[in-house]
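Q: Please take a close look at one part of this structure and explain how it is built into its surroundings. I am new to it and would welcome one connected account.

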Amino acid sequence: MAFRFIHTADIHLDSPLRSLSLRNPELASLIGDATRQAFVRIIDIALDEQVDALVIAGDLYDGEQTSMKTARFLATQLQRLDQAGIRTFVIRGNHDALSKVTQELVLPPSVKLFGGRAEAVELMGGGLPLAFHGISFARPQAPESLLPKFRAPVADAVNIGILHTSLAGAPGHDPYAPCTASDLHGFGFDYWALGHIHQRSHHAGPKTVVMPGMPQGRDINEAGPKSLSLVTVHADRRISVEERLTSVAEFCRVSVDVSSASDWRDLIGLIGGKLEQARENTRSEHMVARVRLTGATGLSFQLRRDLDLLQQDIEHRAEGIGRSFVEKLELAVTAPATASPGSGDPVAELGHLLRDEILTRHGFREDIREMIIELRDGLPREARGFSGASDAELDAFIETLLCESGEDIIALMSAPAREDL
């Protein structure tokens, strides 16, 4: 016999749309509903696999904007497990602590929602004694380790710890119940069901320590297929973990070198070929691509001038591939080497003036820097990330901004006519 459970986290139900082009209603609808669809898939997998339990390691919700409609959806899905005799163990993460409906939600009797003090639930399953240990975030911040608050391992039982943690942390991010993987391996629990970090990871060691990642990405910064962990505690107490796909839509980056394109038709063909390759490599039902064009091309000016038309052409090509969307188009192309200074070509002369003198002046760059900082600081906190999280990232943003602006100016002045295709 064996005991089997699903381990997931960071569902962020009904998370608001972030860096998504809202001019495509179909894409907006897909991503806007994707977190719900992914949660339904989690429940479906639990029922299909006839597991004994579901473990949710925090951040079911996405903060203060959570509505009772979201809460009712959650309760309805968990009721499906209750009717099948499947238990659910849930801890609150930092986002759940912000939710105003968490305290009001009525959950099925089979759901154990751990409180702000560490608890242990002991049970028999698959012929084995087990103990599920958990602690919830009482507040949105948890700057200290929560490990000392956990109860000691239950003797002779398979001990499973549920923890929402940033582990050792990352530069630019606040610590959330920080600890190290070695701390967890040495604590005495057999399995650690972690949450908070949205990228899947398995921390090797004497025990089993798993961060399942989130079940559905919400923007390009959460790219790639998303999944859950199907955990089996075997009769000999050995633990094995299987990954199961949950993401409905998969974000990906597609880079296309367009230096070989001789005309607009060649360009669309190159991009379409890369999108088809990306679609073949996409594991999820839908692909949402951010396309980045690179290389030196004679079409550089035309691309900058007609970026909106190019976006339409690429979106149309993605439609033909099927279940594919272009979320954003980025240009990192340059014009071929232009005439040298003194050639008499006024546009070329202006280009050299911009690149070699105006954009490189220290005073000019400092003025731009001050303008960006003033603009950034006047925005709401959640909208300030566009310029980076450090001085180095801000400098890189300014460098890109100035280079792209110079190319845009030259493109507008050159403005060759676009062929109708």
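**Aromatic rings and the strands around them**

A: Lys-112 lies over the face of Phe-114, at 5.5 Å from the ring centre. This is a predicted model, and the account below starts from that ring. Phe-114 belongs to one aromatic cluster together with Phe-3, Phe-5, Phe-89, Phe-132 and Tyr-191. Across the whole structure, a search finds 14 aromatic pairs. One of them joins Phe-5 and Phe-132 edge-to-face, with 5.9 Å from centre to centre and 80° between the planes. Because Phe-5 lies in strand S1 (residues 3–8) and Phe-132 in strand S6, this pair ties together parts that are 127 residues apart in sequence.

Both partners are shielded. Phe-5 has a relative accessibility of 0% and so counts as buried, the limit for that term being under 20%. Phe-132 is likewise buried, with a relative accessible area of 0%.

The strand that carries Phe-132 deserves attention next. Strand S6 covers residues 128–134, and 6 of its 7 residues are buried, so the strand is largely enclosed by the rest of the structure. On one side, 7 bridges join S6 to strand S5 (residues 119–125), and these two strands run antiparallel. Within this pairing, Glu-119 stands opposite Gly-134 of S6. S5 and S6 form a hairpin with 2 residues between the strands, where Gly-126 takes a positive phi near 60°. S6 is also joined by 5 bridges to strand S7 (residues 158–164), this time in parallel. Here Phe-132 appears again, standing opposite Ile-160 in S7.

These strands are part of an open sheet of 6 strands in the order S5-S6-S7-S8-S10-S9, with mixed pairing. Its edge strands are S5 and S9 (201–203), each of which pairs on one side only. Ignoring direction, neighbouring strands of the sheet are turned by 20° against each other on average. At the S9 edge, 3 bridges join S9 to strand S10 (residues 208–211), and the two run antiparallel. His-203 has Val-209 in S10 as its bridge partner.

To return to the part examined here, Phe-132 has Phe-5 as its edge-to-face partner and faces Ile-160 across the pairing with S7. A second case of a charge over a ring may be added: Arg-36 lies over the face of Phe-73, at 4.6 Å from the ring centre.

Terms used
Residues numbered from 1 in each chain as written. Predicted model: local features only at pLDDT ≥ 70, side-chain atom pairs only at ≥ 80, totals over all residues. Heavy atoms only, no water. Buried < 20%, exposed > 50% of the residue type's maximum accessible area, 1.4 Å probe, protein only. Helix = DSSP H or I, 4+ residues; strand = E, 2+ residues; numbered from the N terminus. Pairing = 2+ DSSP bridges. Phe/Tyr/Trp six-rings, centres within 6.5 Å; stacked < 30°, edge-to-face > 60°. Lys NZ or Arg CZ within 6 Å of the ring centre and 35° of its normal. Axes fitted to C-alpha atoms, helices over the stretch in contact; angles between N-to-C directions.
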